[in-house]
Amino acid sequence: PEKRKFTKPEHEVDKSYTVPAQMYARHMLSLRKRFGKCMLDPCYNMENFIQDLPDVEFRVAFNPDFVALPDGKYAGTVYISDLTTGRNYDRNKMFQLICCAVGIIEHHPETTHCICEVYNTTTREVMISKFSRDDLKAYKDDIIIPSLQKVREALASDKNDINDYRAHCS
């Protein structure tokens with residue numbers, strides 16, 4: 001049967017939701033014109049980054065808001081973007097995007113570089129960083145895999161030792 005969905009008329013919707021969404025949508029459309037093929041909200045599963053325990057199953061996935069996989073003169077460079085509306089940097093969105101870039105190089109071997117963009121509609125700031133494939137492999141080997149291994153060790157250890165695994169600063 002046909003599903004019925006109800007949406008409020010635009011004049012009844014809270015502008016704090018619609019304005020950032022419209023700004024980011026316009027931005028994504030301009031990127032699409034420049035780069036061509038794009039994906040909204042892709043998910044890169046990385047279960048191979050951590051082994052399950054007998055009583056714990058791990059799921060590791062990286063999920064950016066927008067990815068452009070260009071061809072032609074931009075071939076090999078992937079553009080990754082994530083929307084944020086935060087007023088501070090308590091949540092490090094660039095860290096999240098670097099993890100997403102690691103997922104992309106694992107799933108797209110033709111990728112040589114990733115451009116990571118944090119698009120903030122509240123502060124109207126855009127942070128952009130470019131990483132080579134080698135940079136991202138080092139990030140995976142030096143930061144992501146050891147961090148996941150610490151999580152695995154903490155869950156496998158005696159629960160009385162849990163304070164040894166707590167993070168005492170960000």
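Contact means heavy atoms within 4.5 Å. The exercises below use this term on a predicted model.

**Exercise 1. Find which residues Leu136 touches, leaving out those up to four places away in sequence, and place Leu136 in the fold.**

Step 1. Leu136 is in contact with Ile98, Ala101, Val102, Ile105, Cys114 and Phe131, once residues up to four places away in sequence are set aside.

Step 2. Leu136 is one of the buried residues of helix 3, including also Tyr139, Ile144 and Leu148. The buried residues of this helix pack against strand 3 (61–62), helix 2 (93–107), strand 6 (113–120) and strand 7 (125–132).

Step 3. In the largest nonpolar core, which has 29 residues, Leu136 is among those with the most contacts, together with Phe62, Ile80, Cys114 and Ile144. Two or more residues of this core come from each of strand 5 (77–84), helix 2, strand 6 and helix 3. Helix 2 gives the largest share, 9 residues. Another core, of 10 residues, lies apart from it and includes Tyr24, Met28, Leu31 and Phe35.

Step 4. In soluble globular proteins, nonpolar side chains tend to be buried together.

**Exercise 2. Check the length of helix 3 (residues 133–156) against the expected span, and find where helix 3 bends.**

Step 1. The expected span is 1.5 Å times one less than the number of residues. With 24 residues, helix 3 should therefore span 34 Å.

Step 2. The end C-alpha atoms of helix 3 are 32 Å apart, which agrees.

Step 3. Helix 3 has a bend of about 40° at Lys140.

**Exercise 3. Is strand 5 largely enclosed or open, and which strands pair with it?**

Step 1. Of the 8 residues of strand 5, 7 are buried, so the rest of the structure largely encloses this strand.

Step 2. Strand 4 (residues 66–68) runs antiparallel to strand 5, and 3 bridges join them. Here Val67 is opposite Ile80.

Step 3. Strand 6 pairs with strand 5 in the parallel sense, over 8 bridges. Val78 has Cys114 of strand 6 as its bridge partner.

**Exercise 4. Describe the positive phi values of Asp41 and Arg124, and state where each residue is found.**

Step 1. Most residues other than glycine have a negative phi.

Step 2. Asp41 has a positive phi, near 55°. Asp41 sits in the loop between strand 1 (38–40) and strand 2 (44–45). Its relative accessible area is 47%, so Asp41 is partly exposed.

Step 3. Arg124 has a positive phi too, near 60°, and belongs to the loop between strand 6 and strand 7. Exposed means over 50%; Arg124, at 62% relative accessibility, therefore counts as exposed.

Note on methods
Residues are numbered from 1 along each chain as its sequence is written. This is a predicted model: local features need pLDDT of at least 70, side-chain atom pairs count only at pLDDT 80 or more; totals for chains, interfaces and linings use all residues. Side-chain values use heavy atoms; hydrogens and water are left out. Helices (H or I, at least four residues) and strands (E, at least two) are DSSP runs, numbered from the N terminus. The bend at a residue is the angle between axes fitted to the seven residues ending there and the seven starting there. Buried means under 20% relative accessible area, exposed over 50%, partly exposed in between (1.4 Å probe, protein chains only). A nonpolar core is a set of buried Ala, Val, Leu, Ile, Met, Phe, Trp, Tyr and Cys residues joined through side-chain atoms within 4.5 Å. Two strands pair if DSSP finds at least two bridges between them.
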